[in-house]
Amino acid sequence: MILACQNVSKSFGETQVLKNINFHIEEKDKLAIVGVNGAGKTTLLRILLGEDKHYEGTVVRAKDIRIGYLSQHQDISFQNTVYQEMEQAKGYLIRMEQRLRELEEEMKHLEGEELEKVLETYNRLSTRYDRENGYAYESEITGVLKGLGFAESDYDRDIQSLSGGQKMRIALGQLLLSHPDVILLDEPTNHLDMPSISWLEGFLSGYPGAVIVVSHDRLFIDRVSNQILEIELGRSTLYRGNYSYYREHREKKRQDEMKAYLNQQAEIKHEEDVIRKLKQFNREKSIKRAESREKMLDKIDRIEKPQELNAEMRFSLTPVTESGEDVLFAEHLKKAYGDNKLFEELGIDIKRGEHVALIGGNGTGKTTLLKILARKLSKDAGTVTLGARVRMGYFDQENQDLSMDKTLFEEMSDAFPEMNNTRIRNVLAAFLFTGDKVFQKIGDLSGGERGRVSLAKLMLSPANLLLLDEPTNHLDIPSKEILEDAIRSYTGTVLYVSHDRYFINQTATRVLELRHKVLTSYPGNYDDFEENRDKLFMLQNGNNPYADTNQSMTRDGFSIVSTESYARETGGNSKEEYLQRKEAYAAERKRASDLRKLEKQIAQAEEELDQISSKLNDPANGTNVALLTEMTNRQQELEEQLLEWYEAVEDKQRG
């Protein structure tokens, strides 16, 4: 055990935030702390770190352990270049290296015992330097910088010229390079793009020390953690598994708790009914029996009602007007800021009912493209065409559609005067605004709460095309799940920018990646994108180093390198090569579709075989000759069919 909480409680005034928190971690454990906004997750991190000493209970730390901490709101005031600042984390190794060079110089001029003495010091220091991986610290620094999204051209940049998000990445890199025994991270993925998040997942998964992370990034904690600590209503529950394990077992635990609560409530009601009837008899014996039962009832350890998941508040929305099949079409789009050309000759084609995720690295122009499509930003060139009966709604991260001096209720009732009070309260409740919260002013809400209000307004608007820019930013997990349910059931069309891979997996029917100034289309969700990323990029864009500047639109819903420029740069037959790529892409899609069908058939057959096996092994069926014969014949038929399907899968996988 290197770190433990024993009955830790914390209050702010009369409000108790944490109630008897208990857990411990061992070396190499990876613990994720989850809970709604305001549950006390960051407070717990500060207690573990020792920054907050005003709490009840005990925090036990192993002797001489080093704890590193990255908060959400880091005070960053670096004065060095990017590389120099990262070197600070390896300062002890640099000083050690300098001392080794000094000893080497000294030994050139020494003899006898003096030489032996210095040589002994040199060997001891050299061994430690080697053990601390001193000979590779420079490559470790560059590896962390590249992993966090910094190019070599950034290494000599003054840190004061960086954005706030880039400075946070420098702070994270310093922490990782310092190799503490326990790493505490509060929302570490907030300022990272997808490649950097993937790199951090790999780094933390293989980290030799312990990691405690607070995060709303479900795919991140699923891939990193081996334990989940849930904080709910101040109390903690530990689940020994990753996020997928937690989600499955949390639901079962909630059902068991609710069942136990309802059973006890039924018993209590029964006892109260009996007591009331005994008192109605108004006899001495019956009154004494009633009093005896009342005393027993008072001694019952009553189960607290479990928190409900607002399942009854979730709802589906249908646009007032259905659009035509063609919803949004753009071609030859160009946008630059000075010498920084984000994209040119870019095209996009969105059909009715599609839920499309637009992804790409930081600075590639995703938000710019979304604003151009929403007509919130002018384009340098190109056209944007909306289809028949399309009504557009737009959500940005700044919540510019909200009036800060209005209450939530006023904001909704003014926006939708035709809605009655009950409907407004129900809609707000669906986005987790209940009770007196609806009369709170918009200006007093947190960023995440304002985002939920904007989303509630947008989902109720008459729009049938929703353009969303990072809709899950600042949302806690329950809020994300509500939004996912709403978008999944939404029958209109959605195009959104997001870094939340779990959210994309739950909601996207297609992914568009903006990479090297080229827009590439991937059918399916984020998992499908990861599996086919490079393969489909090459199929759609060709092995063309000029793909970032020579792109035109096809009506297939994705962009390709223009055939004329490809021929000019490569000397090839552009039309034939384009047709070959298109044919190969179609063949790949058919192969993938056939594979999915086969895998589904195999899964159904294997499930049926399991059921047959259970029936054959059931003693109750031992004398039912007709049933056993039927089951045996069906079993043989399925096994033969499965052999054929297994061979077909192997053939498809070989291509």
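User: In what sense do strand β17 (residues 510-515) and β18 pair?

Analyst: This is a predicted model, where local features need pLDDT of at least 70, side-chain atom pairs count only at pLDDT 80 or more, and totals for chains, interfaces and linings use all residues. Residues are numbered from 1 along each chain as its sequence is written, and side-chain values use heavy atoms, without hydrogens and water. Two strands pair if DSSP finds at least two bridges between them. β17 and β18 have six bridges, and their sense is antiparallel.

User: Which residue in β18 does E513 stand opposite?

Analyst: Strand β17 covers residues 510-515, and β18 covers residues 518-523. Both are DSSP runs, numbered from the N terminus (strands: E, at least two residues; helices: H or I, at least four). Opposite E513 stands T520.

User: Which residue in the hairpin of β17 and β18 takes a positive phi?

Analyst: Two residues lie between the strands of this hairpin. The phi in question is near 55°. The residue is H516.

User: How many residues of strand β18 are buried?

Analyst: Buried means under 20% relative accessible area, exposed over 50%, partly exposed in between (1.4 Å probe, protein chains only). Strand β18 is mostly covered. Of its six residues, the buried ones number five.

User: Is E187 buried or exposed?

Analyst: E187 sits in the loop between β6 (182-186) and α7 (194-205). Its phi is positive, about 50°, although E187 is not a glycine. The relative accessible area is 9%, so E187 is buried.

User: Is R375 buried or exposed?

Analyst: R375 is not a glycine either, yet has a positive phi of about 65°. The loop between α11 (366-373) and β13 (381-386) holds R375. Its relative accessibility is 53%, so R375 counts as exposed.

User: How many salt bridges does the count come to?

Analyst: The rule asks for a side-chain nitrogen of Lys or Arg within 4 Å of a carboxyl oxygen of Asp or Glu. R99 and E106 meet it, with the closest N and O atoms 3.4 Å apart. By this rule the count is 44.

User: Which residue forms a salt bridge with R46?

Analyst: R46 is partly exposed, at 32% relative accessible area. Its partner is buried, at 7%. The closest N and O atoms are 3.9 Å apart, and the partner is D52.

User: In which helix do R101 and E97 both lie?

Analyst: R101 and E97 form a salt bridge at 4.0 Å, N to O. R101 is partly exposed at 37%, and E97 is partly exposed at 25%. The two are four residues apart, about one turn of the helix, and that helix is α3 (residues 91-107).

User: Which residues are linked in a network of salt bridges?

Analyst: The network holds two arginines, R223 and R501. The carboxylates come from E201, D217 and E530. In full, the linked residues are E201, D217, R223, R501 and E530.

User: Which residues form a negative surface patch?

Analyst: Patch members have over 30% relative accessible area and no salt bridge, with like charges joined within 9 Å. E639, found in helix α20 (residues 625-653), counts as partly exposed because its relative accessibility is 40%. The members are E639, E640, E644, E647 and E650.

How values were computed. Patch = residues over 30% accessible without salt bridge, like charges linked within 9 Å, V, L, I, M, F, W, Y side chains within 5 Å. Areas by Shrake-Rupley, 256 points an atom, 1.4 Å probe, with all protein chains shown as cover. Lys, Arg positive; Asp, Glu negative; His and termini not counted. Charge placed at Lys NZ, Arg CZ, Asp CG, Glu CD.
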